[in-house]
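Reader: I should like to learn how the packing of a helical protein is read from its coordinates. Please begin with the terms that are needed.

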Amino acid sequence: MMDTPSTTCDESSEVDARDDFGDIDDVERRRGHHRREASSDVSSECSGEPGSPYGSPYPRWPVCSVAKAPPPPPLLQKLGTARRGAGRDRKAGDGEVQLIKERFSKLLLGEDMSGSGKGVSTAVAISNAITNLYATVFGGCHRLEPLPVEKRSMWRREMDCLLSVCDYIVELFPSKEIMPDGTTREVMATRPRSDIYVSLPALEKLDDMLLEILDSFQKTEFWYVNDKGHKDSCAAAAVPCRPVSHGHRGGGEKWWLPVPCVTKPGLTESARRDLRQKHDCANQIHKAAMAINNGVLAEIRIPELYKQTLPKCGRASVGDLIYRHMSFPGKFSPEYLLDRLEISSEHDALEVADRVEAAMHVWRRKASQGHSRSPWSAVKDLMESDKNVMLASRAGDVLLCLKQRFPGLSQTTLDASKIQYNKDVGQAILESYSRVLESLAYNIVTCIDDVLLADESARKI
């Protein structure tokens with residue numbers, strides 16, 4: 001029978017003990033003490049707990065026990081942050097940190113919670129994050145009143161996190177660096193990208209102005225009631241007539257929205273003048289945000305999938321009526337053309353916008369195509385190119401006039417396609433930020449229109 005290493009070691013220790021002590025009983029006692037120490041070092045996974053009947057009578061090689069988790073790094077200790085899974089009880093203030101972690105994780109995963117890499121691009125994820133944040137903060141904002149403190153703090157905090165990406169979007173430019181010995185050398189320096197450097201501060205200023213307008217409605221001469229409980233509220237206040245305005249709500253299409261109420265004499269002159277000033281200010285903010293949004297969308301590359309769906313002829317896209325007005329050699333008026341079309345709803349306006357925009361890009365593509373080499377063909381192509389340029393320009397005017405006539409118009413097919421397939425993070429941030437500010441400004445303008453209409457009805461009673 002082969003001796004185990006522990007047995008060999010014990011025999012050698014026995015010979016030394018005989019020489020030193022000359023007592024076999026002392027050797028046996030020491031051997032037993034050695035076995036007990038060795039058996040206590042063996043892990044419970046191999047031989048069970050000490051004293052287990054399944055343990056071996058011979059001592060085995062010592063097994064290292066599982067070490068305790070090391071303390072967190074000094075930085076984590078300073079921040080008071082525990083390791084993942086270390087503590088189950090979190091403070092109430094950690095909810096904001098957890099929310100930021102959740103948003104940050106969704107951005108990295110591209111909104112694909114499986115982590116399999118099937119998510120959207122970073123640009124689309126940031127665009128969706130800004131849109132969803134706007135819906136969370138301002139989705140229920142249908143009144144002219146200050147924004148709640150919690151929602152205002154959420155808007156500022158999370159927008160600062162999303163916009164901080166722009167601090168690291170830079171462009172390179174040649175510069176000169178002076179060395180310690182006085183010589184100069186050419187280097188490539190960085191600066192903020194031009195479109196972000198120009199548009200982002202303007203959007204942040206518009207954002208502050210819109211929040212200031214909402215904060216100014218502290219004490220007002222009007223109030224809101226739900227349309228369902230309008231009669232009960234009026235009767236309880238002992239006011240016989242309080243005209244309401246459904247304004248853009250379409251005469252009952254959105255019955256769940258609150259309705260402004262004004263007393264019978266109407267608003268005072270100072271309150272009415274203040275409302276009109278705020279209306280003009282919000283209207284200018286809406287135009288500025290819409291201009292920035294249109295400029296950013298114009299810079300985004302047209303997806304190839306959209307180009308494949310374009311018709312071969314622009315006339316087939318817009319129809320004979322629109323084409324006859326647009327191809328007329330005289331003076332062209334987009335307002336007159338829209339009046340002839342008699343567009344009654346936003347759905348019809350969006351359909352016309354899609355058809356006109358598709359035809360505009362068809363004419364632009366034809367105008368940019370190369371000409372043939374023969375002289376007569378070159379002249380003919382030049383004439384056709386001039387006509388295509390004219391038609392494309394007029395189509396753009398019709399599209400702009402249509403968006404101004406219907407400020408709350410949804411995204412066209414091309415705009416939605418650009419946002420979906422855009423890969424530029426900077427353009428995605430500017431487009432989504434300007435889009436939500438445009439929507440907020442439009443809502444403020446519409447709410448002020450409702451109050452002014454209610455005031456006008458109250459003064460006529």
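Author: Two residues are in contact when they have heavy atoms within 4.5 Å. The model shown here is predicted. Among contacts in its protein chain between residues at least 6 apart in sequence, 72% join residues at least 24 apart.

Reader: How many helices and strands does the protein chain have, and what percentage of its residues count as buried?

Author: The protein chain contains 18 helices and four strands. Of its 461 residues, 34% count as buried.

Reader: Which residues have the most contacts inside the largest nonpolar core?

Author: They are F138, L144, W155, Y433 and I444, in a core of 57 residues. At least two residues of this core come from each of α6 (122–138), α7 (149–163), α8 (194–215), β3 (222–226), α10 (269–299) and α18 (425–460). With 17 residues, α18 gives the most to this core. As for I444, its contacts, leaving aside neighbours within four places in sequence, are L144, L210, I213, L214 and A282. There is also a second, separate core of 24 residues, which includes F332, L338, L391 and F406.

Reader: How should one read the buried residues of a single helix, such as α8?

Author: An α-helix has 3.6 residues a turn, so residues three or four places apart point the same way. In α8, the buried residues include I196, S199, L200, L203, L206, D207, L210 and L214. Among the elements that cover the buried residues of α8 are α6, α7, α10 and α18. The length of α8 can be checked as well: at 1.5 Å a residue, its 22 residues should span 32 Å, and its end C-alpha atoms are 33 Å apart, which agrees.

Reader: How is the packing of α8 against α18 described?

Author: Two packed helices are described by the angle between their axes and the distance between the axes. For α8 and α18 the angle is about 25 degrees, and the axes are 10 Å apart. Angles under 35 degrees count as roughly parallel, and α8 and α18 are therefore roughly parallel to each other. The crossing in which α8 passes α18 is left-handed. Residues of α8 that meet α18 include L203, L210 and I213, and those on the α18 side include Y433, L437 and I444.

Reader: Is E431, in helix α18, buried or exposed?

Author: E431 counts as buried, because its relative accessibility is 2%. Leaving aside neighbours within four places in sequence, E431 is in contact with S127, N293, V296, L297, Q411 and I419.

Terms used
Residues numbered from 1 in each chain as written. Predicted model: local features only at pLDDT ≥ 70, side-chain atom pairs only at ≥ 80, totals over all residues. Heavy atoms only, no water. Core = buried A, V, L, I, M, F, W, Y, C linked by side-chain atoms within 4.5 Å. Buried < 20%, exposed > 50% of the residue type's maximum accessible area, 1.4 Å probe, protein only. Expected span 1.5 Å × (residues − 1). Axes fitted to C-alpha atoms, helices over the stretch in contact; angles between N-to-C directions. Parallel < 35°, antiparallel > 145°, perpendicular 65-115°, else oblique. Left-handed = near helix turned anticlockwise from the far one by under 90°.
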